[in-house]
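The following exercises train the reading of a protein model, step by step. Please attempt each task with the sequence and the structure in view before reading its solution.

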Amino acid sequence: MSDESPRPVGVVVGGGLAGVTAALRLADAGLDVTLLEGRPRLGGLAFSFQRGDLTVDNGQHVYLRCCTGYRWFLDRIDAAHLAPLQDRLDVPVLDVGRSAGPRLGRIRRTALPVPLHLAGGLAAYPHLSLAEKAAVGRAALALGRLDPADPELDRIDFATWLRRHGQSERAIEALWDLVGVATLNATAPDASMALAAKVFKTGLLSDPGAADIGWATVPLGDLHDTLARKALDTAGVRTELRAKVGSLTRTEDGRWSVESAGERIVADTVVLAVPQTETHDLLPAGALDEPELLLDIDNAPILNVHVIYDRKVLRRPFFAAIGSPVQWVFDRTHSSGLKGPGQYLAVSQSAAQAEIDLPVAELRSRYLPELERLLPAARGAGIRDFFVTRERTATFAPAPGVGRLRPGPRTRLPGLQLAGAWTDTGWPATMEGAVRSGAAAADAALHDLGRPPGHPLQEAA
């Protein structure tokens, strides 16, 4: 007969990046963990699906070298080699709004110390005047002195701060929004200055290589579903798909009862890693002081336009555009498994409130001519396929004031934690924020169980 005490039981509700991270962390600490996901797959809103012979990502996702949480996640699921980083930041930016014709510039860095690592790239950036470049430099230095955790910054929008620091509309379009829209999913007038400061200070001003870009060279489902599931299985996590949780209640002995798909699991600790509205519906009374605040956290959409040409029209892995409705374009030919001649381009459109519900025919008539304007090789090319993916709730809206609405990982009820990119991670709604939230929730749970975590994310910036 064994004298060992039974292992604590943990339940994680939600199989996105936050939930998978929490489950792995709890299992690694010795808990008996069950992960419940209502969908037929893992990965949350960063997933893949089949369209004929193609494997399609629902949207283009990238990360930066400074995303230490997501990089930990990739290492933990043995996938880092499938989502490599650039050796050095290099973003082609094509301006087609000039009367003199298209012009290509690049946002680049050197190996010099911060902030000199960006000085040469800014000096050579052709889309800003000399005066605008000088003003950008001054604003960057001012931004570097900010504390993103200052609640006063959350009360103003990014555009107001930029105007106060001498930024022209051209500088906002050609630089600040070029980066900000993609990372915040909002234009400067609609973005909290606190979150903008977090993005730019961490990504551009913390380390010379912080903004180097990485992306998956395989479908996202290979990472966030297949390899994540393998890591969970290896860690001993029981993963149940199509298992929507119906209720969450306290037991008489102070534990938790989770009801899902006709099954009742009694747990010592629970992590809710689902969207804010679903969290609100599952939260027991007394879990948060003002649970209705969760319903005030709005969502923001992302639209992706997918075009398959009958020939190669782009010879770069990606580029950004200004002077055009097109934002970012990525070559997904190899990762999608496209067979035969042709090229598959994905156009990623953030802050897409004005377009998210437009008919496919209207989006086709808008974006095919724009791609021909950006890419002369596309003129006259045959279209093998054209389709659209829409994520209406892709991220939480990073509006001014959202900081006070975002709860931390702990609730007022022992043994119940919250996770999700929408929780108070200090980051906008990114894969990085999702992973960090799952780690924070798991660490809070382990602390309360008397199993203090020795976890690498505790030292992450």
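Arg170 has a relative accessible area of 25% and is therefore partly exposed, since buried means under 20% relative accessible area, exposed over 50%, and partly exposed in between (1.4 Å probe, protein chains only). The model is a predicted one, in which local features need pLDDT of at least 70 and side-chain atom pairs count only at pLDDT 80 or more, while totals for chains, interfaces and linings use all residues. Residues are numbered from 1 along each chain as its sequence is written, and side-chain values use heavy atoms, with hydrogens and water left out.

**Exercise 1. The salt bridge of Arg170**

Task: Determine which residue forms a salt bridge with Arg170, and state which parts of the chain the pair ties together.

Solution.
- Step 1. Recall the criterion: a salt bridge is a side-chain nitrogen of Lys or Arg within 4 Å of a carboxyl oxygen of Asp or Glu.
- Step 2. The partner is Asp95, and the closest N and O atoms of the pair are 2.8 Å apart.
- Step 3. Because Asp95 belongs to strand 6 (residues 90-95) and Arg170 to helix 6, the pair ties together parts that are 75 residues apart in sequence. Helices (H or I, at least four residues) and strands (E, at least two) are DSSP runs, numbered from the N terminus.
- Step 4. Asp95 has a relative accessible area of 2%, so this residue is buried.

**Exercise 2. A network and a further pair**

Task: Identify the residues that join Arg65 in a network of salt bridges, and then describe the pair formed by Asp385 and Arg51.

Solution.
- Step 1. Through shared salt-bridge partners, Arg65, Arg109 and Asp212 form one network.
- Step 2. Within the pair Arg65 and Asp212, the closest N and O atoms are 2.9 Å apart.
- Step 3. These two residues are 147 residues apart: Arg65 is in the loop between strand 5 (62-64) and helix 2 (68-76), and Asp212 is in the loop between helix 7 (193-205) and strand 8 (213-215).
- Step 4. Arg65 is partly exposed because its relative accessibility is 25%, whereas Asp212, at 0%, is buried.
- Step 5. Asp385 and Arg51 also form a salt bridge, with 2.8 Å between the closest N and O atoms. This pair links strand 18 (residues 383-396), which holds Asp385, to strand 3 (residues 48-51), which holds Arg51, across 334 residues.
- Step 6. With 34% relative accessibility, Arg51 counts as partly exposed.
- Step 7. By the criterion of Exercise 1, the count comes to 25 salt bridges.

**Exercise 3. Backbone geometry**

Task: Is the peptide bond from Val114 to Pro115 cis or trans? Locate also two residues, Asp78 and Arg242, that have a positive phi.

Solution.
- Step 1. The bond from Val114 to Pro115 is cis, its omega being near 0 degrees.
- Step 2. Pro115 lies in the loop between strand 7 (103-108) and helix 3 (119-124).
- Step 3. Asp78, a residue other than glycine, has a phi near 60 degrees; its place is the loop between helix 2 and strand 6.
- Step 4. Arg242 is likewise not a glycine and has a positive phi of about 55 degrees. The loop between strand 9 (238-240) and strand 10 (245-250) contains Arg242.
- Step 5. Asp78 has a relative accessible area of 56% and is therefore exposed; Arg242, at 62%, is exposed as well.

**Exercise 4. Buried residues**

Task: Are Ile77 and Val181 buried or exposed?

Solution.
- Step 1. Ile77 is in the loop between helix 2 and strand 6. Its relative accessible area is 3%, so Ile77 is buried.
- Step 2. Ile77 and Thr21 are 56 residues apart in sequence, and their C-alpha atoms are 9.9 Å apart.
- Step 3. Val181 belongs to helix 6 (residues 169-184). Val181 is buried because its relative accessible area is 9%.
- Step 4. Between the C-alpha atoms of Val181 and Gln349 there are 8.9 Å, although 168 residues separate the two along the chain.
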